[in-house]
Amino acid sequence: MENKVNSVCGSCSQYNIKGLKKLGVNISNFDFVVAIAGNPNTGKSTVFNALTGLRQHTGNWPGKTVVRAEGAFEYDGQKFKLVDLPGTYSLLSTSQDEEVARNFILFGKPDVTVIVVDASRLERNLNLVLQILEITNKAVLCLNLMDEANRNNIKIEIRTLARDLGIPVVPTSARFKEGIPELIQTINDVATGKIICKSYRIKNVNGNIDKAIKKLSDEIEKEIPTISNSRWIAFRLLEGDNRIINALRTGELV
Amino acid sequence: MSQKSIEKIIALSSDLRWQIGDDFHDNLAEGIYADASEIAKNSVISNNKKKRFRLDTKIDKIVTSKTWGFPIMFLILGVILWITIEGANYPSSMLANLLLNNFHPILKTLAASIGMPWWLDGFLIDGVYLAVAWVIAVMLPPMAIFFPLFTLLEDFGYLPRVAFNLDYLFKKSGAHGKQALTMSMGFGCNAAGVVATRIIDSPRERLIAIITNNFSLCNGRWPTQILIATIFIGAVVPASFSGIASLSAVIGIAILGIFFTFFVSWALSKTVLKGEVSTFNLELPPYRPPRFWKTVYTSLIDRTIIVLWRAIFFAAPAGAVIWLISNIYIGDLSIASWTINSLDGFGFLLGLNGVILLAYIVAIPANEIVIPTILMLTVMATGIAGGEGVGVMFELDSASETATILKAGGWTLLTAVNLMLFSLLHNPCSTTIYTIYKETKSVKWTVVASLLPVIMGFVITFLIAQIWRIVV
């Protein structure tokens, strides 16, 4: 799939540039919350800047975002609050940056989670993507650094990937502002329910463990019928994650 | 839902955990990897994808090699400094000329024409305005060159390689390898470096990184180093080598700072901050050609203007204080003279003098104003002609004029060397101290981080002064 946004799509309904208003740090009275997650050094802050018009410091080294940055944009009359999370490789351990990211996706209940991945290192990045998709099913995959992937002769079948993951996939080169209009439109569609995601669930789990998870998540669903990530809660309970055990007790997960 | 059934779920989970055994975590992680690999196989098509990675690997082999890693690092640092020093000269003197020689008299005339009382005119125009003007003239040009160059290097992806090179040394010092990154940030601004330590998970290693960040020569201290090195170090060698000599002296001080970072990290981790060194994965990101103009623009707007604004914010009140202590008299001496006289004895022991010590007290808010404060106090204390009158901060047009004043104030090569050392080893500026408190939430560690370097500065300058006086 070619990605020549600015030249071809100028007249398309997707290219609704007039409906976009970058609001910078003006984040009062928002309608939707959007989290930006992803591996370190995949360009999360660049995507964040492109969406909000802010100039959060960016740089080519992992772990640069240490402060949770917030900003906002308005699209089609709806206000979106954006939260730039620290980059992590996984959500399974308990280091501080991972907890910040995990807690926000889990307890902050963002309306949309944009997962930014490095297109030329997709396989490695999918590790985090699959974990996030266990927590939330309102997600958009932002396939960033497409320019680099193209330079490295890496092609990605966007449709196949979107079908496999069950969430929309938007190719971007945030550094060059390419694909950002489509990304905004997609975020809008997921937030307003125009696009319903059916996010991927981890399959290669060995039989014994799978049975235990099933049993536990059935119990959780029985108790909390509204919960959408019972399976992930089961993962964490089996791991003995005290933060999650506490959250169950205090009813934070409902 | 009831509390009882929640407890039932939790009890069930511990039962199941016991049943499935403790390889659950690894099993799950492996499952996720297997899924990821399947999905990627379905949608990624790559032809000879190794090609570019191979180029990156080749560059990495050189810049992180045992033989070339360090020389290349110092060469790059040297080139950036050289461009900064050389390039900043001309715009600096132009700005100084404009703000100090042209605009200052205009303001004075204006004040006189509206009949402003002498003390208000002195306080505002000779104190506040001159301090601000000096900071702009001296700081803006080097920052406007240094920050974009540094940001370009950062965007290119060189910083993680620096961290890679230094990792081994940090590990040896009992500190975290990521401290290399926070140390690099400190070369721009220590307050920023202290905030950046959040990337270090272990509280022990983070404290070490915070306490030692001050040994990274920050942007406010580079101009002092450069000026003193040019005047005194450059003067002891033949004229054709003076540029190289002063540049080497400045880089030498920066490297000494890195040495102290390792030394103090090691000492802390062997005494009050004992513990295991944590391991971490450092990803070497691909080299990315920086977007030149965009980088230049954003680093000018974001970093340069923000740092400059901070300097102005602190320089204005400091200028007012300097004017006040030089113009308020107790008996027949000004407050400034009293203080200088009483600090002179201690200053002599350190190979410095009372003027320098007082200047460092006045300049706690911002290191940038050390040199103009020293000059002004020297002129006042020694009563030599030059400058603009009592309590007026000024900058002389050429380094040689500055040298004349300093030498008249009794300065020797020892004073210069010790001033360069003391500029490296003294308390952090007030912004950094406040940032350290905000990050550590501990008065104790804030006090340690503030006093440790200044005590080290006293000890080292004292030792050097004694040895120097015996030998020379």
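In this predicted model, helix H9 of chain A is followed by Gly240(A), a residue whose phi is positive, near 80°. The helix that precedes this glycine spans residues 230-239, and because nine of its 10 residues are buried, H9(A) is largely enclosed by the rest of the structure. The buried members of H9(A) are Ser230(A), Arg231(A), Trp232(A), Ile233(A), Ala234(A), Phe235(A), Arg236(A), Leu237(A) and Leu238(A).

Elsewhere in chain A, Thr186(A) has its place in helix H7, which covers residues 180-192 of that chain. Thr186(A) has a relative accessibility of 10%, and it therefore counts as buried, the cut-off for that term being under 20% relative accessible area. When neighbours within four places in sequence are left aside, the residues in contact with Thr186(A) are Val140(A), Pro168(A), Val170(A) and Ile195(A). Asn242(A) lies 56 residues from Thr186(A) along the chain, and the C-alpha atoms of these two residues are separated by 36 Å.

The two chains can be set side by side through their computed totals.

| Chain | Residues | Buried share | Helices and strands | Contacts with a separation of 6 or more that join residues at least 24 apart | Exposed area | Share of that area from carbon and sulfur |
|---|---|---|---|---|---|---|
| A | 254 residues | 61% | 10 helices, eight strands | 69% | about 10,000 Å² | 48% |
| B | 472 residues | 54% | 19 helices, three strands | 77% | about 21,500 Å² | 70% |

For chain B, the C-alpha atoms fill a box of roughly 90 × 55 × 55 Å when the principal axes are used.

The interior of the model can be described through its nonpolar cores. In soluble globular proteins, nonpolar side chains tend to be buried together. The largest nonpolar core here holds 111 residues, and within it Ile228(B) and Ile374(B) touch the most other members. H5(B) gives the most to this core, contributing 15 residues. A second, separate core comprises 95 residues, and its members include Ala35(A) and Ala149(A) from one chain together with Leu12(B) and Ala40(B) from the other.

Which residues are in contact with Ile228(B), once its neighbours within four places in sequence are left aside? They are Ile233(B), Ile371(B), Leu406(B), Trp411(B), Ala416(B), Leu419(B) and Met420(B).

Empty space inside the model is the next topic. The structure holds seven cavities of 30 Å³ or more, and the largest of them has a volume of about 280 Å³. The lining of this largest cavity is made up of 17 residues, and those that lie nearest its centre are Met73(B), Leu77(B), Phe150(B), Val162(B) and Phe187(B). By residue class, the lining divides into 16 nonpolar residues and one polar residue, with no charged residue present. Four helices of chain B, namely H4 (69-113), H5 (118-156), H6 (159-172) and H7 (179-188), each supply at least two residues of this lining, and the largest share, five residues, comes from H4(B).

One of these lining helices, H7(B), is mostly covered, with 10 of its 10 residues buried. The buried residues of H7(B) are Gln179(B), Ala180(B), Leu181(B), Thr182(B), Met183(B), Ser184(B), Met185(B), Gly186(B), Phe187(B) and Gly188(B), and Phe187(B) is also among the residues that lie nearest the centre of the largest cavity. The packing partners of the buried residues of H7(B) are H5, H6, helix H8 (190-196), helix H9 (203-212), helix H10 (222-233) and helix H11 (242-270), which belong to chain B.

Helix H11 of chain B, one of those packing partners, also contains Ser246(B). Is Ser246(B) buried or exposed? Its relative accessible area is 9%, so Ser246(B) is buried. Not counting residues up to four places away in sequence, Ser246(B) touches Ala229(B), Thr230(B) and Gly234(B).

Notes
Residues are numbered from 1 along each chain as its sequence is written. Chains are lettered from A and ligands numbered from 1 in the order in which they are written. Side-chain values use heavy atoms; hydrogens and water are left out. On a 1 Å grid over the protein atoms alone, a cavity is a set of points where a 1.4 Å probe fits but cannot get out, and a pocket is an open set with protein on both sides within 12 Å along at least five of seven lines; lining residues have an atom within 4 Å of a point. Grid points are joined across faces, edges and corners, and a volume is the space filled by probe spheres set on the points. Ala, Val, Leu, Ile, Met, Phe, Trp, Tyr, Cys and Pro count as nonpolar, Asp, Glu, Lys and Arg as charged, and the others, Gly among them, as polar. A nonpolar core is a set of buried Ala, Val, Leu, Ile, Met, Phe, Trp, Tyr and Cys residues joined through side-chain atoms within 4.5 Å. Buried means under 20% relative accessible area, exposed over 50%, partly exposed in between (1.4 Å probe, protein chains only). Contact means heavy atoms within 4.5 Å. Accessible areas come from the Shrake-Rupley method with a 1.4 Å probe; for residues, only the protein chains shown count as cover.
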